[in-house]
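Visitor: I have not looked at this protein before, and I would like to be led through it step by step. Could we begin with the picture itself and then talk about the parts?

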Amino acid sequence: MRDAAPDPVPDTAPPAPVPAPPLKAPAPPLAPFRLGAKAPSPAAAPDPAPASIRMDRKAFLRMKGGKLDPEARIDLHGMTLAEAHPALIGFILRSQAEGRRLVLVITGKGRGTEWEPAFADRRGVLRRQVPHWLQQAPLTGAVLQVTPAHRKHGGEGAFYVYLRRPR
């Protein structure tokens, strides 16, 4: 019979402790929030200007001031996203082909009377989507500038779309 020698246990030291990550400065305390409370006014935030003016500055200022009358308009409010998107594409491409330069796209502001917190992200969905649609194919080649309309042309519920000249 063999003498069973115990397996030699390697002498291992415990692993060195891992240093803790540096502490961040504490975040400023949040203001108390009450469910159903109104959000703070965006008046403190600067007026969002367009990323860049891609058209004649003088014409842009006249358009934004409501001094240029749109040559055509489309009213999308009351439509679903599935109805509004193809209607917008057809209207913009047809307007450009007909040589129009300034058109008005009316989206509406979204329903304010039936607002419920559970559907807050669905309110004014056309108003949020239309500027994105105008920057995507096939409209990106037709659209030169998009800006919110002057109050006399619909204000927050409408957009001026300045079209490129047809080629």
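**A walk through the fold**

Visitor: Which strand does β1 join through 4 bridges?
Guide: This is a predicted model, and one place to begin is β1, an edge strand at residues 72-75 that pairs on one side only. Asp75 stands opposite Ile106, and the two strands concerned run parallel. The partner joined to β1 by 4 bridges covers residues 102-106 and is β2.

Visitor: In what order do the 4 strands of the open sheet lie?
Guide: The edge strands are β1 and β3 (143-148), each of which pairs on one side only. The pairing is mixed, and the twist averages 20° from one strand to the next. Read across the open sheet, the order is β1-β2-β4-β3.

Visitor: What pattern does the protein follow along the sequence?
Guide: There are 3 helices and 4 strands in the protein, and the order along the sequence is a separate matter from the order across the sheet. Read along the sequence, these elements follow the pattern α-β-α-β-α-β-β.

Visitor: At about what angle does helix α3 run to β4?
Guide: Two helices can be considered together here. Helix α1 (residues 57-64) packs on the sheet and touches β2, β3 and β4, its direction making about 35° with that of β3. Helix α3 (residues 125-134) lies across β2, β3 and β4, and its angle to β4 is about 10°.

Visitor: How far apart are the end C-alpha atoms of α2?
Guide: Helix α2 takes in residues 81-97, and at 1.5 Å a residue its 17 residues should span 24 Å. The model agrees with that expectation, because the end C-alpha atoms of α2 are apart by 24 Å.

Visitor: Against which elements do the buried residues of α2 pack?
Guide: The buried residues in α2 are Ala84, Leu88, Ile89, Phe91, Ile92, Ser95 and Gln96. An α-helix has 3.6 residues a turn, so residues three or four places apart point the same way. The elements that the buried residues of α2 pack against are β1, β2, α3, β3 and β4.

Visitor: Is Ser95 buried or exposed?
Guide: Ser95 is found in helix α2 and, leaving aside its neighbours within four places in sequence, is in contact with Ala72, Arg100, Val103 and Leu163. A residue counts as buried under 20% relative accessible area. Because the relative accessibility of Ser95 is 1%, this residue counts as buried.

Visitor: Which element gives the most to the largest nonpolar core?
Guide: The largest nonpolar core has 20 residues, and among those with the most contacts inside it are Leu88, Ile92, Val130 and Val161. Val130 touches Leu76, Leu88, Val105, Thr107 and Phe159, its neighbours within four places in sequence being left aside. The elements that give two or more residues to the largest core are β1, α2, β2, α3 and β4. With 5 residues, the element that gives the most is α2.

Visitor: How many residues are in the second, separate core?
Guide: In soluble globular proteins, nonpolar side chains tend to be buried together. The second core is separate and includes Met55, Leu68, Leu104 and Tyr162. Its number of residues is 13.

Visitor: How many residues apart in sequence are the parts that Glu156 and Arg127 tie together?
Guide: The structure holds 2 salt bridges, and in one of them the side chains of Glu156 and Arg127 meet at 3.8 Å, N to O. Glu156 lies in the loop between β3 and β4 and Arg127 in helix α3, so the parts tied together are apart in sequence by 29 residues.

Visitor: With which residue does Arg100 form a salt bridge?
Guide: Arg100 is partly exposed, with a relative accessible area of 25%. Its partner is also partly exposed, at 48%. The closest N and O atoms of the pair are 2.8 Å apart, and the partner of Arg100 is Glu98.

Visitor: Which peptide bond is cis, with omega near 5°?
Guide: The place to look is the loop between α3 and β3, where Pro138 is found. The cis bond, with omega near 5°, runs from Ala137 to Pro138.

Key
Residues numbered from 1 in each chain as written. Predicted model: local features only at pLDDT ≥ 70, side-chain atom pairs only at ≥ 80, totals over all residues. Heavy atoms only, no water. Pairing = 2+ DSSP bridges. Axes fitted to C-alpha atoms, helices over the stretch in contact; angles between N-to-C directions. Contact = heavy atoms within 4.5 Å. Buried < 20%, exposed > 50% of the residue type's maximum accessible area, 1.4 Å probe, protein only. Core = buried A, V, L, I, M, F, W, Y, C linked by side-chain atoms within 4.5 Å. Expected span 1.5 Å × (residues − 1). Salt bridge = Lys/Arg side-chain N within 4 Å of Asp/Glu carboxyl O.
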